[in-house]
Amino acid sequence: MRNFGLLSKKGGSVVPLRSVEVTSSVLGYTARVVSLLEYENEEENPIEAIFTFPLDESSTVVDFKATIDGRKVVGKVKEKEEAKQEYDDAISSGQSAFLMESVRRDVFTVSVGNLPPKKRATVEITFIMELPTEHDGSVRFNLPSVLTPRYHAASSRQEGESNPTDGVTYLPASRIPYTFSFKMRIEADVDAVTSPTHKLMIENSVDADGYDVTVVQLDEEHKFDKDLVVTIKPKNA
């Protein structure tokens with residue numbers, strides 16, 4: 001199974017994830033998702049890494065930003081050769097650098113250079129996703145699992161083991177190494193918001209322009225053992 005997230009180019013090992021913060025705005029059959037992911041280089045030396053994010057045919061990355069050891073970097077569209085030259089120059093001079101590449105249509109890729117030892121990198125990726133429709137007219141929001149790497153409760157025999165077929169790591173709940181938060185804003189008049197995977201906290205209100213707004217958050221701790229799915233049924237669906 002292919003790894004996603006922030007990976008070391010040397011050997012392909014995963015750079016440890018420390019926190020995930022997801023905010024989403026849903027309008028009709030489309031969701032805009034902003035994901036803030038924080039990683040830490042636990043090595044004794046700088047590492048050159050690559051951030052990979054899976055995309056299906058209904059998703060498009062529209063913005064990318066990063067902060068490396070307090071220094072902010074904003075992704076810009078440039079000619080490929082110009083961007084590659086600037087990236088190579090930065091790496092050779094010991095600077096941090098990002099190089100955005102789209103290797104395949106279904107994978108968004110960013111090369112990351114010189115993440116200092118014992119320092120953190122924050123990646124902010126914004127993407128638009130089309131929401132599939134259910135048989136009753138509801139739309140279904142399924143958070144990509146790369147934003148919530150899988151963990152399961154471990155026995156003493158399993159602890160620290162990974163299953164290569166599904167990417168699940170076995171750890172005690174108290175040792176899951178990162179935090180997760182989720183907030184969704186639905187800009188529509190809805191009949192119901194439910195989830196087959198999680199308990200939800202739902203707040204309905206009217207914004208300053210008189211439009212109905214529903215804010216959705218988790219009403220339980222995320223267990224990291226399954227996907228996060230939210231189903232939205234519009235009025236008169």
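**A small sheet, a core and a salt-bridge network**

Modeller: Three strands form an open sheet in the order S10-S18-S15, and their pairing is antiparallel. The model is predicted: local features need pLDDT of at least 70, side-chain atom pairs count only at pLDDT 80 or more, and totals for chains, interfaces and linings use all residues. Residues are numbered from 1 along each chain as its sequence is written, and side-chain values use heavy atoms, with hydrogens and water left out.

Biologist: What makes a stretch such as S10 a strand?

Modeller: A strand is a DSSP run of E with at least two residues, a helix is a run of H or I with at least four, and both are numbered from the N terminus. S10 covers residues 139-142, so S10 meets the strand cut-off.

Biologist: How do you know that S10 and S18 pair?

Modeller: Two strands pair if DSSP finds at least two bridges between them. S10 and S18 (residues 229-234) run antiparallel and are joined by four bridges, so the condition is met. One of the bridges joins Asn142 to Val229 in S18. S15 and S18 also pair in the antiparallel sense, over four bridges, and Ala192 has Lys233 as its bridge partner in S18.

Biologist: Why are S10 and S15 said to stand at the edges?

Modeller: Each has a single partner strand, so one side of each has no neighbour in the sheet. From one strand to the next, the twist averages 15 degrees. Axes are lines fitted to C-alpha atoms (for helices over the stretch in contact), and angles run from 0 to 180 degrees between N-to-C directions.

Biologist: Which residues of S10 are on its covered face, and which on its uncovered one?

Modeller: Val139 and Phe141 are on the covered face, and Arg140 and Asn142 on the uncovered one. In a regular strand the side chains alternate between the two faces of the sheet.

Biologist: Why is Thr194 called partly exposed?

Modeller: Buried means under 20% relative accessible area, exposed means over 50%, and partly exposed is in between (1.4 Å probe, protein chains only). Thr194 has 44%, so it falls in the middle class. This residue lies in S15 (residues 190-194).

Biologist: What does Thr194 contact beyond its neighbours within four places in sequence?

Modeller: Contact means heavy atoms within 4.5 Å, and by that rule Thr194 is in contact with Leu200, Val229, Val230 and Thr231. Its C-alpha is 6.7 Å from that of Ile232, although the two are 38 residues apart in sequence.

Biologist: What makes a group of residues a nonpolar core?

Modeller: The members are buried Ala, Val, Leu, Ile, Met, Phe, Trp, Tyr and Cys residues joined through side-chain atoms within 4.5 Å. The largest such core here has 45 residues, and Phe51, Phe141, Phe182, Met184 and Val230 have the most contacts inside it. Strand S9 (residues 120-130) gives the most, with five residues. Setting aside residues up to four places away in sequence, Phe182 touches Val22, Phe141, Val216, Gln217, Leu218, Leu228 and Val230.

Biologist: How do you know that Glu40 and Arg18 form a salt bridge?

Modeller: The rule asks for a side-chain nitrogen of Lys or Arg within 4 Å of a carboxyl oxygen of Asp or Glu. The closest N and O atoms of Glu40 and Arg18 are 2.9 Å apart, so the pair qualifies. Glu40 lies in strand S3 (residues 30-40) and Arg18 in strand S2 (residues 17-27), so the bridge ties together parts 22 residues apart in sequence. Glu40 is buried at 16%, and so is Arg18 at 17%.

Biologist: What makes this a network rather than a lone pair?

Modeller: Salt bridges link Arg18, Glu38, Glu40, Glu42 and Arg120. Arg18 also meets Glu42, at 2.2 Å from N to O. Glu38 and Arg120 form a salt bridge at 3.0 Å; Glu38 is in S3 and Arg120 in S9, 82 residues apart. Both are partly exposed, Glu38 at 23% and Arg120 at 35%. The whole structure has six salt bridges.

Biologist: What is unusual about Lys118?

Modeller: Most residues other than glycine have a negative phi. Lys118 is not a glycine, yet its phi is positive, about 60 degrees. Lys118 lies in the loop between strand S8 (107-115) and S9, and at 45% it is partly exposed.
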